[in-house]
Amino acid sequence: MGSVRENYRAQPMGVNASVRIGGSSFGGFLAKTAGTITLTDADGTILVDAVPLTAGIYTPLPFRFNTSAGATISLGGGASGTAAV
């Protein structure tokens, strides 16, 4: 029986921050404070649109981007925490 191993880099994010990430995929978000997350591909496609986050909960968002140019993670509504990129 095979196994799956996921490896991501931790990217801390402050309240209502936005960060541009490189690469072709995203893992998820561990919220420190509640709010929303939006994920926009480098070509402008909104992949995740203001999805609610709950403090203390990891939200898996295992997406592959449309391009290898990365994406922008944007937090709103007071959200902060750590992105798995």
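**A walk through an all-strand model**

Start by selecting strands S1 (residues 10-13) and S8 (residues 80-84), which pair in the antiparallel sense over four bridges. Keep in mind as you look around that this is a predicted model.

Now zoom in on Ala-10. Across from Ala-10 you will find Ala-84, which belongs to S8.

Next, show the side chains along S1. Which residues of S1 are buried, and which are not? Gln-11 and Met-13 point to one face and are buried, whereas Ala-10 and Pro-12 point to the other face and are not. Such alternation between the two faces of the sheet is what a regular strand shows.

Zoom out and switch to a cartoon of the whole chain. You will see eight strands and zero helices, so the order along the sequence reads β-β-β-β-β-β-β-β. The radius of gyration is 12 Å, close to the 12 Å that the globule rule gives for 85 residues, so the protein is as compact as a globular protein of that length. Turn the model along its principal axes, and the C-alpha atoms fill a box of roughly 40 × 35 × 20 Å.

With contacts displayed, look at how far apart in sequence the partners are. Taking contacts between residues at least 6 apart, 74% join residues at least 24 apart.

Then turn on the surface. Its accessible area is about 4,800 Å², and carbon and sulfur atoms account for 55% of that. Of the 85 residues, 35% count as buried.

For a last stop, color by charge. There are 5 positive and 4 negative side chains, and the centres of these two sets lie 13 Å apart.

Terms used. Residues numbered from 1 in each chain as written. Predicted model: local features only at pLDDT ≥ 70, side-chain atom pairs only at ≥ 80, totals over all residues. Heavy atoms only, no water. Helix = DSSP H or I, 4+ residues; strand = E, 2+ residues; numbered from the N terminus. Rg over C-alpha atoms; globule rule 2.2 N^0.38 Å. Buried < 20%, exposed > 50% of the residue type's maximum accessible area, 1.4 Å probe, protein only. Contact = heavy atoms within 4.5 Å. Areas by Shrake-Rupley, 256 points an atom, 1.4 Å probe, with all protein chains shown as cover. Lys, Arg positive; Asp, Glu negative; His and termini not counted. Charge placed at Lys NZ, Arg CZ, Asp CG, Glu CD. Pairing = 2+ DSSP bridges.
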